[in-house]
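I opened the file to work through the fold one element at a time. My notes follow in the order in which I looked things up.

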Amino acid sequence: MKTILLITALLCSSMMTSMAKQPSAGQKLPSLSQLLPGASIPKTKGKVVLVDFWASWCGPCKASFPCFTRLHNKYASKGLVIIAIGVDTDIKKYKAFVAKHKSPFPMVHDSSHKAAGFFNPPAMPSSYLVDRNGVIRYIHKGFKGAKTEALYEKEILALLAK
Amino acid sequence: MKTSTFLLTLTTALMMLCSCSQHLVRVKPYERGNLANPLMADDTDTLQKPMSEHVYFSREGSYGGGGVGGGGCGCN
């Protein structure tokens, strides 16, 4: 009986510890260059960073790119850095998407899902808005057009002012 | 070992396992590329779906209830 109880307890504890964690607001942004080895990540120190997870098969992700382009054009000079992380398993689809959209901000490929596995984005797209101190301040699930864009702008302005 | 202690341990274990069950076998949102493929939709053939529904309707009177909300990609 004791053995059964011990095994149950061990199973429970191992499963609890193996539960997928995801970064939350207030946590420090991890080093993206470590999560995305080989990718050219722009310098983010002292900048407001928007990390976006997207995929070529995701409709709302496509819809979000014109918004990110507008935000980049408006606030990049004031200290906003947008990093779009593609999670396509098929590199051809990723490259085709990048070639089609020609974004002014850096787009990187998370080929091994290392970054996606760490961030564990709750929906596609998901984005993380990080302040100048490297702390995640806002997490966005999905993209709902002008409503989300207005929210991004409000939050970015608040973070740039700090 | 008393039965009550055993039951208490078992209940605690079940509660703990239930709380983490949603993390066990789930396709992550970023892994749903294949599910989001248009070929995965149940109405890819515009003729087949109404015909199948007609068959269900005329045979069993079991019309409806076949739809689901949203696609498989988990977007938004």
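I began with the side chains of strand 2 of chain A, in what is a predicted model. Leu80(A), Ile82(A), Ala84(A) and Gly86(A) point one way from the strand, while Val81(A), Ile83(A) and Ile85(A) point the other way, and all of them are buried. The general pattern I had in mind is that side chains in a regular strand alternate between the two faces of the sheet. I then counted over the whole element: seven of the seven residues of strand 2 of chain A are buried, so this strand is largely enclosed by the rest of the structure.

Next I asked myself in what order the strands of the open sheet in chain A are arranged. Five strands form it in the order 3-2-1-4-5, and the pairing is mixed. Its edges are strand 3 (107-109) and strand 5 (136-141) of chain A, each of which pairs on one side only. From one strand to the next I noted an average twist of 20°.

I followed the partners of strand 2 of chain A on either side. Strand 1 of chain A runs parallel to strand 2 (residues 80-86) of chain A and is joined to it by seven bridges, and within this pair Leu50(A) stands opposite Ile82(A). Helix 3 (residues 59-75) of chain A packs on the sheet, where it touches strand 1 and strand 2 of chain A, and its direction makes about 155° with that of strand 2 of chain A. I recorded strand 1, helix 3 and strand 2 of chain A as a right-handed β-α-β unit.

With strand 3 of chain A, strand 2 of chain A pairs in the parallel sense over three bridges, and there Ala84(A) has Met107(A) as its bridge partner. The chain passes from strand 2 to strand 3 of chain A through helix 4 (residues 91-101) of chain A, in a β-α-β crossover that is right-handed.

I then turned to Trp54(A), which lies in strand 1 (residues 48-54) of chain A. Why does Trp54(A) count as buried? I found 28 other C-beta atoms within 10 Å of Trp54(A), and because the cut-off for a buried residue is 20 or more, Trp54(A) qualifies as buried. Leaving out residues up to four places away in sequence, Trp54(A) touches Cys61(A), Ala84(A), Gly86(A) and Pro125(A). I checked the last of these by backbone position: the C-alpha atoms of Trp54(A) and Pro125(A) are separated by 5.1 Å, although the two residues are 71 residues apart along the chain.

For the interior I looked up the largest nonpolar core, which has 34 residues, and Phe53(A), Ala55(A), Ile83(A) and Ile85(A) touch the most other members. Among the elements that give two or more residues to this core are helix 5 (114-119), strand 4 (126-130) and helix 6 (146-161) of chain A. Ala55(A) also has contacts in the other chain, since I listed Tyr30(B) and Gly33(B) among the residues that Ala55(A) touches, together with Val87(A), Asp88(A) and others.

Last, I noted the totals. Chain A has six helices and five strands, and 30% of its 162 residues count as buried. Of the contacts in chain A with a separation of 6 or more, 72% come from residues 24 or more positions apart. For chain B, I found two helices and zero strands, with buried residues making up 8% of its 76 residues.

Note on methods:
Residues numbered from 1 in each chain as written. Chains lettered and ligands numbered in written order. Predicted model: local features only at pLDDT ≥ 70, side-chain atom pairs only at ≥ 80, totals over all residues. Helix = DSSP H or I, 4+ residues; strand = E, 2+ residues; numbered from the N terminus. Buried ≥ 20, exposed ≤ 12 C-beta atoms within 10 Å, placed from the backbone. Contact = placed C-beta atoms within 7 Å. Pairing = 2+ DSSP bridges. Axes fitted to C-alpha atoms, helices over the stretch in contact; angles between N-to-C directions. Right-handed = clockwise from strand over helix to strand, strands pointing away. Core = buried A, V, L, I, M, F, W, Y, C linked by C-beta atoms within 7 Å.
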